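This report concerns the nonpolar core and the salt bridges of one protein model.

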Amino acid sequence: VLNFAPLDNALLRLSKTARVCDAAQSRAAQIGDARLSEANALLRDIEQTLTHAEGLPGREWYRHMIYAPGLQTGYGVKTLPGVREAIEDRRWADAERYTGIVAGVLHAYCDRIEKVAAFLKDSRAVAETR
(Lines give C-alpha, C1' and ligand atoms only; values in the text may rest on other atoms or scores of the structure.)
Protein backbone atom coordinates (compact mmCIF):
# COMPACT_ATOMS: atom_id res chain seq x y z
CA VAL A 1 0.00 0.00 0.00
CA LEU A 2 1.47 3.33 -1.04
CA ASN A 3 1.39 6.22 1.39
CA PHE A 4 0.29 9.32 -0.49
CA ALA A 5 -0.16 11.38 2.71
CA PRO A 6 3.06 13.40 2.21
CA LEU A 7 1.95 14.34 -1.30
CA ASP A 8 -1.62 15.07 -0.20
CA ASN A 9 -0.34 17.31 2.62
CA ALA A 10 1.98 19.17 0.25
CA LEU A 11 -0.86 19.77 -2.19
CA LEU A 12 -3.14 21.05 0.58
CA ARG A 13 -0.39 23.41 1.71
CA LEU A 14 0.16 24.58 -1.86
CA SER A 15 -3.53 25.37 -2.28
CA LYS A 16 -3.65 27.37 0.97
CA THR A 17 -0.35 29.13 0.28
CA ALA A 18 -1.39 30.11 -3.23
CA ARG A 19 -4.64 31.64 -1.93
CA VAL A 20 -2.76 33.65 0.72
CA CYS A 21 -0.21 34.93 -1.80
CA ASP A 22 -2.90 35.75 -4.35
CA ALA A 23 -4.78 37.79 -1.74
CA ALA A 24 -1.57 39.61 -0.73
CA GLN A 25 -0.81 40.34 -4.37
CA SER A 26 -4.32 41.64 -4.97
CA ARG A 27 -4.11 43.95 -1.95
CA ALA A 28 -0.70 45.21 -3.07
CA ALA A 29 -2.04 45.91 -6.56
CA GLN A 30 -5.05 47.78 -5.14
CA ILE A 31 -2.88 50.16 -3.14
CA GLY A 32 -0.42 50.61 -5.99
CA ASP A 33 2.49 49.13 -4.05
CA ALA A 34 5.71 49.95 -5.87
CA ARG A 35 7.33 46.81 -4.44
CA LEU A 36 5.01 44.57 -6.44
CA SER A 37 7.64 44.30 -9.17
CA GLU A 38 10.15 43.18 -6.50
CA ALA A 39 7.70 40.48 -5.43
CA ASN A 40 7.39 39.33 -9.02
CA ALA A 41 11.18 39.17 -9.24
CA LEU A 42 11.17 36.85 -6.22
CA LEU A 43 8.86 34.53 -8.16
CA ARG A 44 10.78 34.64 -11.43
CA ASP A 45 12.83 31.47 -10.96
CA ILE A 46 10.43 29.66 -8.64
CA GLU A 47 10.07 26.72 -11.01
CA GLN A 48 13.62 25.69 -10.14
CA THR A 49 12.29 24.63 -6.75
CA LEU A 50 10.32 21.90 -8.52
CA THR A 51 13.50 20.12 -9.59
CA HIS A 52 15.51 17.47 -7.79
CA ALA A 53 19.25 17.00 -8.23
CA GLU A 54 19.04 13.22 -8.72
CA GLY A 55 16.63 13.51 -11.64
CA LEU A 56 14.25 10.79 -12.73
CA PRO A 57 14.98 7.04 -12.81
CA GLY A 58 16.49 6.06 -16.14
CA ARG A 59 17.01 9.67 -17.23
CA GLU A 60 18.79 11.57 -14.52
CA TRP A 61 19.11 14.65 -16.75
CA TYR A 62 15.37 15.29 -16.35
CA ARG A 63 15.17 16.90 -12.95
CA HIS A 64 11.67 18.38 -12.98
CA MET A 65 9.48 16.41 -10.60
CA ILE A 66 6.10 17.71 -11.76
CA TYR A 67 6.32 16.99 -15.47
CA ALA A 68 8.73 15.46 -17.95
CA PRO A 69 8.64 13.46 -21.16
CA GLY A 70 7.69 9.89 -20.35
CA LEU A 71 10.37 7.24 -20.46
CA GLN A 72 8.35 5.27 -23.02
CA THR A 73 6.28 8.08 -24.58
CA GLY A 74 8.87 10.01 -26.55
CA TYR A 75 7.88 13.62 -26.06
CA GLY A 76 4.52 12.77 -24.51
CA VAL A 77 4.40 14.46 -21.11
CA LYS A 78 3.93 12.57 -17.88
CA THR A 79 2.79 14.42 -14.78
CA LEU A 80 4.50 13.47 -11.52
CA PRO A 81 6.70 11.19 -13.64
CA GLY A 82 8.79 9.73 -10.81
CA VAL A 83 5.69 8.55 -8.98
CA ARG A 84 3.52 7.73 -11.97
CA GLU A 85 6.04 5.68 -13.93
CA ALA A 86 7.11 3.80 -10.81
CA ILE A 87 3.48 2.81 -10.20
CA GLU A 88 2.98 1.86 -13.85
CA ASP A 89 6.12 -0.33 -13.70
CA ARG A 90 5.20 -1.73 -10.26
CA ARG A 91 8.39 -0.35 -8.70
CA TRP A 92 6.74 0.25 -5.36
CA ALA A 93 9.84 1.36 -3.47
CA ASP A 94 10.54 4.00 -6.15
CA ALA A 95 6.90 5.12 -6.06
CA GLU A 96 7.13 5.61 -2.30
CA ARG A 97 10.50 7.38 -2.61
CA TYR A 98 9.36 9.74 -5.34
CA THR A 99 6.16 10.53 -3.48
CA GLY A 100 8.38 11.94 -0.75
CA ILE A 101 10.64 13.73 -3.23
CA VAL A 102 7.68 15.37 -4.98
CA ALA A 103 6.23 16.40 -1.62
CA GLY A 104 9.59 17.93 -0.76
CA VAL A 105 9.82 20.01 -3.92
CA LEU A 106 6.24 21.18 -3.45
CA HIS A 107 7.08 22.28 0.10
CA ALA A 108 10.09 24.20 -1.24
CA TYR A 109 7.76 25.83 -3.77
CA CYS A 110 5.37 26.76 -0.95
CA ASP A 111 8.24 28.19 1.09
CA ARG A 112 9.06 30.58 -1.76
CA ILE A 113 5.43 31.60 -2.23
CA GLU A 114 5.11 32.23 1.51
CA LYS A 115 8.19 34.50 1.40
CA VAL A 116 6.56 36.53 -1.36
CA ALA A 117 3.28 36.76 0.56
CA ALA A 118 5.16 37.91 3.68
CA PHE A 119 7.11 40.43 1.61
CA LEU A 120 3.87 41.85 0.22
CA LYS A 121 2.25 41.90 3.64
CA ASP A 122 5.25 43.79 5.04
CA SER A 123 5.12 46.22 2.13
CA ARG A 124 1.43 46.84 2.86
CA ALA A 125 2.29 47.60 6.48
CA VAL A 126 4.96 50.04 5.29
CA ALA A 127 2.44 51.72 2.95
CA GLU A 128 -0.15 52.01 5.74
CA THR A 129 2.30 53.85 8.02
CA ARG A 130 3.03 56.52 5.44
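The core is described first, and the salt bridges follow.

The model is predicted, so local features need pLDDT of at least 70 and side-chain atom pairs count only at pLDDT 80 or more, whereas totals for chains, interfaces and linings use all residues. Residues are numbered from 1 along each chain as its sequence is written, and side-chain values use heavy atoms, with hydrogens and water left out.

The largest nonpolar core (buried Ala, Val, Leu, Ile, Met, Phe, Trp, Tyr and Cys residues joined through side-chain atoms within 4.5 Å) has 26 residues, of which Met65, Tyr98, Val102, Leu106 and Leu120 touch the most other members. Helices α1 (5-30), α2 (36-43) and α4 (92-128) each supply at least two core residues; helices are DSSP runs of H or I with at least four residues. The largest contribution, 12 residues, comes from α4. Contacts of Met65 (heavy atoms within 4.5 Å) beyond four places in sequence include Leu50, Leu80, Tyr98 and Val102.

There are 9 salt bridges in the structure, each a side-chain nitrogen of Lys or Arg within 4 Å of a carboxyl oxygen of Asp or Glu. Three of them are tabulated.

| Acid | Base | N to O distance |
|---|---|---|
| Glu114 | Arg13 | 2.8 Å |
| Glu85 | Arg59 | 2.8 Å |
| Asp94 | Arg91 | 2.6 Å |

Glu114 in α4 and Arg13 in α1 are 101 residues apart. Buried means under 20% relative accessible area, exposed over 50% and partly exposed in between (1.4 Å probe, protein chains only). Glu85 is buried at 7%, as is Arg59 at 3%, whereas Glu114 is partly exposed at 34%.
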